[in-house]
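Here is a short briefing to read with the model open beside you. It goes topic by topic, so feel free to jump around.

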Amino acid sequence: MLSVPAIFYRPKGREEDSDNAREKFQVPESDHLTLLNVYHQWKKNGYSASWSNEHFIHIKAMRKVREVRQQLKEIMDSQKMPLISCGNEWDVVRKTICSAYFHQAARLKGIGEYVHVRTGMPCHLHPTSALFGMGFNPDYIVYHELVMTVKEYMQCVTAVDGHWLAELGPMFYSIKDSSKTRQERKKHAIDEMSAMEDEMRRAEDLIKVRKEHKEKQATASVRKTTIATPGRTEPGTPTPRRGKFGI
């Protein structure tokens, strides 16, 4: 749905009708899920062109979406990946979106105002977003792209859990435990460092022991070789006694 141009259109003189039709598909937590809902509804109605026109949706864009989905399905079939639906568990989809957009995350700063988590750049919800004006703003969101006009507007936004960001993007984010004091956090960090050093030391000792064991095995396997000489006896072999013979 993101690889094609905008699927909704607003004909002149019917802007209000178009906005009302769009609101029917909106999922409050996510614009991505809103697009997914549009596709599901179009599929339920038999991929109808008249249904698309009735709801102010570009039928050509939707047909292109169907082609892209078929290509993705063929790739999965070639890789022998099972096609399993999440059903109504759309939180799975939101977490999947978070795994792709964790580097484009923003946190709530004020009423309807967000700041980029990494850069601190102010961002705003686009008026066409499903999250705009819904009365509740989630603490953390991820977005598809920024549109620079009078303000920096985020387009195609999805609400995410802060713990998902720390789990999926540990190189950028971490969870700060506010219940602990600064000294407790410092002591905890020192303890973790000491435990890590002990573990590394034990690993080095184990490698050293294995190396010594292999060297002993290699030494034991080397046998002393001698050249066979006629009349020569092996070390440790008793020499036969010669007796006197007479007539």
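Helices and strands here are DSSP runs, with at least four residues (H or I) for a helix and at least two (E) for a strand, numbered from the N terminus. With that naming in hand, K176 can be placed in the loop between α6 and α7 (182-221). Please keep in mind that this is a predicted model. The protein chain holds 7 helices and 5 strands, and from the N terminus on its elements run α-α-α-α-α-β-β-β-β-β-α-α.

**The chain as a whole**

- Of the 247 residues in the protein chain, 26% are buried.
- Taking contacts between residues at least 6 apart in sequence, 58% join residues at least 24 apart.

**The barrel**

- The strands form a closed barrel of 5, in the order β1-β2-β3-β5-β4, with mixed pairing.
- From one strand to the next, the twist averages 55°.
- As a general reminder, strands of a sheet pair through backbone hydrogen bonds, either parallel or antiparallel.
- Strand β3 (residues 122-125) and β5 run parallel and are joined by 2 bridges.
- Across that pairing, L125 stands opposite M154 in β5.
- Helix α2 packs on the sheet, where it touches β4 and β5, and its direction makes about 80° with that of β5.
- Helix α5 lies across β1, β4 and β5, and runs at about 130° to β5.

**The buried face of α5**

- Which residues of helix α5 (residues 91-101) are buried? They are R94, I97, C98 and Y101.
- Viewed down the axis of α5, these buried residues fall within an arc of 105°, so they line one face of the helix.
- The cover over the buried residues of α5 includes the helices α2 (31-44) and α6 (162-168).
- Strands also take part in covering them, including β1 (105-110), β4 (140-148) and β5 (152-160).

**Aromatic rings**

- Across the whole structure, a search finds 7 aromatic pairs.
- One of them joins Y39 and W42 edge-to-face, at 6.0 Å centre to centre and with 65° between the planes.
- Both Y39 and W42 lie in helix α2, 3 residues apart, which is about one turn of the helix.
- W42 also meets Y47: their ring centres are 4.9 Å apart and their planes stand at 80°, so this pair is edge-to-face.
- Are the two α2 residues, Y39 and W42, buried or exposed? Both Y39 and W42 are buried, and for W42 the relative accessibility is 1%.
- Y47, in contrast to the buried W42, counts as partly exposed, at 23% relative accessibility.
- F8, F25 and W51 form one aromatic cluster.

**Charges over rings**

- R66 places its charged end over the ring of Y47, 3.6 Å from the ring centre.
- R118 does likewise with F172, its charged end sitting over that ring at 4.0 Å from the centre.

**Positive phi outside glycine**

- Y47 has a positive phi of about 55°, although it is not a glycine.
- The place of Y47 is the loop between α2 and α3 (49-54).
- C156 is not a glycine either, yet has a positive phi of about 60°.
- Where does C156 sit? C156 is found in strand β5.
- C156 counts as buried, because its relative accessibility is 14% and the cut-off for buried is under 20%.

**Back to K176**

- Why is K176 called exposed? K176 has a relative accessible area of 65%, and exposed means over 50%.
- K176 and A166 are 10 residues apart in sequence, and their C-alpha atoms are 10.0 Å apart in space.

**Residues to look at together**

- Y47 is worth a second look: its ring pairs edge-to-face with W42, the charged end of R66 sits over that ring, and its phi is positive.
- Strand β5 is another: it is joined to β3, touched by α2, crossed by α5 and home to C156.

Key:
Residues numbered from 1 in each chain as written. Predicted model: local features only at pLDDT ≥ 70, side-chain atom pairs only at ≥ 80, totals over all residues. Heavy atoms only, no water. Buried < 20%, exposed > 50% of the residue type's maximum accessible area, 1.4 Å probe, protein only. Arc of directions from axis to C-beta. Contact = heavy atoms within 4.5 Å. Phe/Tyr/Trp six-rings, centres within 6.5 Å; stacked < 30°, edge-to-face > 60°. Lys NZ or Arg CZ within 6 Å of the ring centre and 35° of its normal. Pairing = 2+ DSSP bridges. Axes fitted to C-alpha atoms, helices over the stretch in contact; angles between N-to-C directions.
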